[in-house]
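This report describes a single protein model and the features computed from it. Please look at the sequence and the structure below before reading on.

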Amino acid sequence: MYDLRSFLKSLENNSEHLVRVKKEVAPKFEATGVLQKLEEQRKYPAVLFEKVKDSDIPVVSNLFADRERIAMAFGTTGEDLNRVLREREANPLEPVMVEDAPVQEVVWTGDQVDLTKLPLFTHNEKDAGPYITAGMLVGKDPETGIRNVGIYRHMLQGKNQIGIHLAETGHGRLIFDKYMDRGEPEPVAITIGHHPLVYMGALSFVPYGVDEYTIMGGYMQEPLRLVKCKTVDLEVPADAEIVLEGMIYPGDTAMDGPFGEYTTVYGKVRENPFIRITAITMRKNPIYLDVFSGHIDHQLLGGTPRLSTIYRTVRAACPTVKDVYMPPSGCCRFTCYISIKKRHEGEAKNAIAAAIGADPFIKLCVVVDDDVDIFNDSAVLLALSTRLRPQGNVFVIPNAKTNALDPTCTNELLVTKIGIDATKPLEGWPETVNVPGAKDLDLSQYL
Ligand SMILES: Cc1cc2nc3c(=O)[nH]c(=O)nc-3n(C[C@H](O)[C@H](O)[C@H](O)COP(=O)(O)O)c2cc1C
Ligand SMILES: [Mn+2]
């Protein structure tokens, strides 16, 4: 059975991946200060803050800040993560309903609802206030009844009120617009704290109409356990830590932002809808999960599961694609590296077109040969330095659609995209240096 605490347990006594802070920390800047300091030292453990000021609930953050740790959640290694993701995504499982749910051991409704009792962090200096950053929001298409899950960050706006920013690129926006067009309120529920595979499923880049709960089941290789909500007609993961239930009413808006985004800069203030919280349910001793917004925790969480959809689309254009990666140096969204075993000249360009078509966030797409390690920025830069012949191999798509948060985007949603074919020509290219026998040499015999 998968939940947040079982995963934390698996990391116990592994200080590279989990550290505990016993000293009390302030939820505003002090906890995230610890995370930024670790980041400056190039350390990316999950951090369990045992005591957060003014709350009885401990907080875990930075859970997704390391690709190797995400792979551990899948029971594999970083090297094999993309393959495992793709395989499991292709085998979704329907969730099952249960009656008794740990996440409903405690139920607050009506006047009991008080979000200020939760240890919400204020992350970065210019943030408008505390934000919920690890909430998986479920909604239902009002026409088909099909569920959709995604992560949407929420500004704390009152005891029972949080904001919501629904980007034009997300399915959450499509559902919201359908309710508003009908003039009806939208019921929603937000899950905070669960196993990393459940989060990966929420961020999987599956088409509209695919219920992300089935992808979570695929990732876990067992059905996700769901329970009915207390105040809205929706289902939430039974083994979660905390759930917020609520309604978005037509016309309800409030100012939201600025907020530090995955782009590493602040997103601007917007007039956004808000959610009226009708219930908070939780375990008896819940653990609150936070995502360190604007930092690698946020980037890897969002960027990792997208890679399987990009791969699948690129593979249709170029069957010999080896792998795809969106590195943290591109915020895990804007830059995409693709390695291929080139069979025909021009194939790399088809691969680029497919990747840019698959994911509107990609702005710079580089294709290299299969001997280049795309998980290593330096190796890709070496290929750009030694193999790229820019004439005819760099192309630009002016004014294509992107995500509004891209700091270079104009006119709300337009950005210029660049494709680079850095593969060597099939004929007449010099060989790469190599010392014969070095691969199998046992260094302990010599040093
Ligand atoms: C920590 C985190 C916070 C996010 N916050 C938002 C947000 O506030 N608004 C938004 O539109 N997308 C946000 N996203 C991106 C969406 O979760 C992502 O696009 C997801 O695939 C949407 O799923 P859906 O299209 O099925 O609704 C966030 C992602 C992460 C990892
Ligand atoms: Mn979706």
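N148 is buried, at 4% relative accessible area, where buried means under 20%, exposed over 50% and partly exposed in between, with a 1.4 Å probe and protein chains only. The model is predicted: local features need pLDDT of at least 70, side-chain atom pairs count only at pLDDT 80 or more, and totals for chains, interfaces and linings use all residues. Residues are numbered from 1 along each chain as its sequence is written, chains are lettered from A and ligands numbered from 1 in the order in which they are written, and side-chain values use heavy atoms, with hydrogens and water left out.

**The manganese site**

N148 is one of the protein donors of the manganese ion (ligand 2); the donors are N148 (OD1), H171 (ND1) and E212 (OE), at 2.1 to 2.2 Å from the ion. Donors here are N, O and S atoms within 2.8 Å of the metal (3.2 Å for Na, K and Ca), and since water is not among the atoms, sites may look incomplete. Along the sequence the donor residues follow the spacing N-x22-H-x40-E. N148 belongs to strand β8 (residues 147–151) and H171 to helix α5 (residues 171–182), so this pair ties together parts that are 23 residues apart in sequence. Helices (H or I, at least four residues) and strands (E, at least two) are DSSP runs, numbered from the N terminus. H171 is partly exposed, with 22% relative accessibility.

**Salt bridges**

How many salt bridges does a search of the whole structure find? The search finds 31, a salt bridge being a side-chain nitrogen of Lys or Arg within 4 Å of a carboxyl oxygen of Asp or Glu. The table gives some of them.

| Pair | Closest N and O atoms |
|---|---|
| R20 and E50 | 2.6 Å |
| D54 and K53 | 3.6 Å |
| K363 and D406 | 3.0 Å |

R20 is in strand β1 (residues 18–21), while E50 is in the loop between β2 (46–49) and β3 (59–61), so their salt bridge ties together parts that are 30 residues apart in sequence. R20 is partly exposed at 40% relative accessible area, and E50 is partly exposed at 27%.

In the pair of D54 and K53, D54 is exposed, with a relative accessible area of 66%, whereas K53 is partly exposed, at 41%.

Are K363 and D406 buried or exposed? K363 is buried, with a relative accessible area of 17%, and D406 is buried at 2%. The pair links distant parts of the chain, 43 residues apart: K363 is in the loop between α10 (347–358) and β22 (364–369), and D406 is in the loop between β23 (394–401) and β24 (414–421). Elsewhere, K140, R147, D211, K228 and E235 are joined into one network by salt bridges that share partners.

**Strand pairing**

Strands β4, β12 and β13 make an open sheet of three strands, in the order β4-β12-β13 and with mixed pairing. Its edge strands, β4 (96–97) and β13 (235–237), each pair on one side only. Two strands pair if DSSP finds at least two bridges between them. Strand β12 (residues 225–228) runs antiparallel to β13, and three bridges join them; L226 stands opposite P237 in β13.

Strand β24 pairs with β22 in the parallel sense over four bridges, and V367 has D421 in β24 as its bridge partner. β23 and β24 run antiparallel and are joined by six bridges. The bridge partner of V394 in β24 is I420.

**Domains**

The protein is divided into domain 1 (4–301) and domain 2 (306–421); these bounds come from an automatic or database domain assignment. The centres of the two domains, taken over C-alpha atoms, are separated by 29 Å. At their meeting, 21 residues of domain 1 are in contact with 28 residues of domain 2, contact meaning heavy atoms within 4.5 Å.

**A residue in strand β14**

I242 is in strand β14 (residues 242–248) and is buried, with a relative accessible area of 0%. Leaving aside neighbours within four places in sequence, the contacts of I242 include V103, L118, I190, I280 and Y288. The C-alpha atoms of I242 and V107 are 10.0 Å apart, although their positions lie 135 residues apart along the chain in the sense of sequence separation.
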